[in-house]
Amino acid sequence: MKVRNKVVVVTGGGNGIGRGLCLGLLSKGASVAAVDIDASALEETLALSGRDRDRLSTYIVNITDRDAVDALPARVVSRFGAVDGIINNAGIIQPFVRLKDLDYAAIDRVMNVNLFGTLYMTKAFLPHLLARPEAHITNISSMGGFLPVPGQTIYGAAKAAVKLLTEGLNSELLGTNVKVTVVFPGAIGTNIAVNSGVMDTLQLKDGAAPVPKMLAPGAAAQIILEGIENDAYRVLVGPDARLMDAIYRLHPQRAARFIYDQMRALLPK
């Protein structure tokens with residue numbers, strides 16, 4: 001689905017990859033409904049849209065609030081007349097702690113935002129997408145959705161669920177006008193730790209592995225948009241995601257041990 005002259009909804013549109021997606025879509029001639037819980041972040045995205053701002057509309061919505069999400073399609077259709085695509089990008093990580101030390105409030109929050117937020121958005125918009133001549137659903141999983149990361153076990157479980165939710169949806173929609181893409185970003189230079197409220201758990205210990213080179217959010221967004229326009233089944237974003245996907249397919253346990261060695265310095269003793 002070429003995005004020019006299409007209407008696309010992007011969650012997490014106030015920061016990081018989500019902002020990059022909004023601006024990238026606008027540059028390609030799409031109209032964009034940017035969704036975020038942070039009003040000031042949405043205002044900044046709007047300011048950065050420049051002369052394209054007339055094709056950008058912002059919506060302050062908590063995607064874990066099912067009633068608010070259910071009301072969103074009507075709001076977007078009222079503004080733009082239709083919806084042709086959604087990109088479920090909003091997500092948060094967990095504190096870098098072992099499962100035994102992770103409280104249920106954090107577990108619920110991570111599952112609700114990453115999995116149920118994606119599910120609510122998909123359920124709410126799917127009837128509208130099925131009514132269009134062509135439409136697209138894109139769900140952002142994570143490299144941690146196919147490869148275990150110590151200290152991010154619940155986050156990984158949520159993103160693995162997003163992976164299979166998306167792949168199952170793809171199969172269900174075969175033969176329809178709606179195409180479905182799942183995306184696996186690697187290390188991207190975003191503020192996800194700050195926005196997730198877990199910066200205090202990211203104190204590197206002695207002997208920590210060097211921080212990997214991160215892909216810029218705008219570059220990540222362009223890779224994702226290229227995948228959407230090619231109706232890709234899956235999109236791996238960044239050299240680390242591509243490398244670890246290949247290693248994990250050949251030797252899952254070795255890949256998991258490699259990631260453990262890279263990340264263990266983030267875990268409390």
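The largest cavity comes out at about 40 Å³ in volume. This is a predicted model, and the count stops at one cavity of 30 Å³ or more. As for what surrounds that space, the lining is made up of Met-1, Val-3, Val-8, Gly-85, Ile-86, Ile-87, His-136, Thr-138 and Ile-228. Two elements, β4 (85-88) and β5 (135-140), each put two or more residues into this lining, and β4 chips in the most, with three. Sorted by class, the lining of the largest cavity has six nonpolar and three polar residues, and no charged ones at all.

Turning to the nonpolar packing, the largest core runs to 38 residues. Those with the most contacts inside this core are Val-9, Tyr-59, Leu-72, Val-76, Phe-125 and Ile-137. Strands β1 (7-11), β2 (31-36), β5 and β6 (178-185) each give two or more residues to the core, as do helices α3 (66-80), α4 (104-130) and α5 (153-172). Helix α4 takes the largest share, supplying 10 residues.

Ile-137 gives a good look at how these pieces meet. With neighbours within four places in sequence set aside, Ile-137 is in contact with Ile-86, Thr-122, Leu-126, Leu-129, Leu-169, Leu-173, Val-178, Lys-179, Val-180 and Thr-181. One of these partners, Ile-86, also turns up in the lining of the largest cavity.

The largest core does not have the nonpolar interior to itself: apart from it lies another core, of 26 residues, which includes Val-8, Cys-22, Ala-30 and Ile-228. Val-8 and Ile-228, both members of this other core, are also found among the residues lining the largest cavity.

Definitions and conventions. Residues numbered from 1 in each chain as written. Predicted model: local features only at pLDDT ≥ 70, side-chain atom pairs only at ≥ 80, totals over all residues. Heavy atoms only, no water. 1 Å grid on protein atoms, 1.4 Å probe; cavity = no way out; pocket = protein on both sides within 12 Å on 5 of 7 lines; lining within 4 Å. Points joined across faces, edges and corners; volume = space filled by probe spheres on them. Helix = DSSP H or I, 4+ residues; strand = E, 2+ residues; numbered from the N terminus. Nonpolar A, V, L, I, M, F, W, Y, C, P; charged D, E, K, R; others polar. Core = buried A, V, L, I, M, F, W, Y, C linked by side-chain atoms within 4.5 Å. Buried < 20%, exposed > 50% of the residue type's maximum accessible area, 1.4 Å probe, protein only. Contact = heavy atoms within 4.5 Å.
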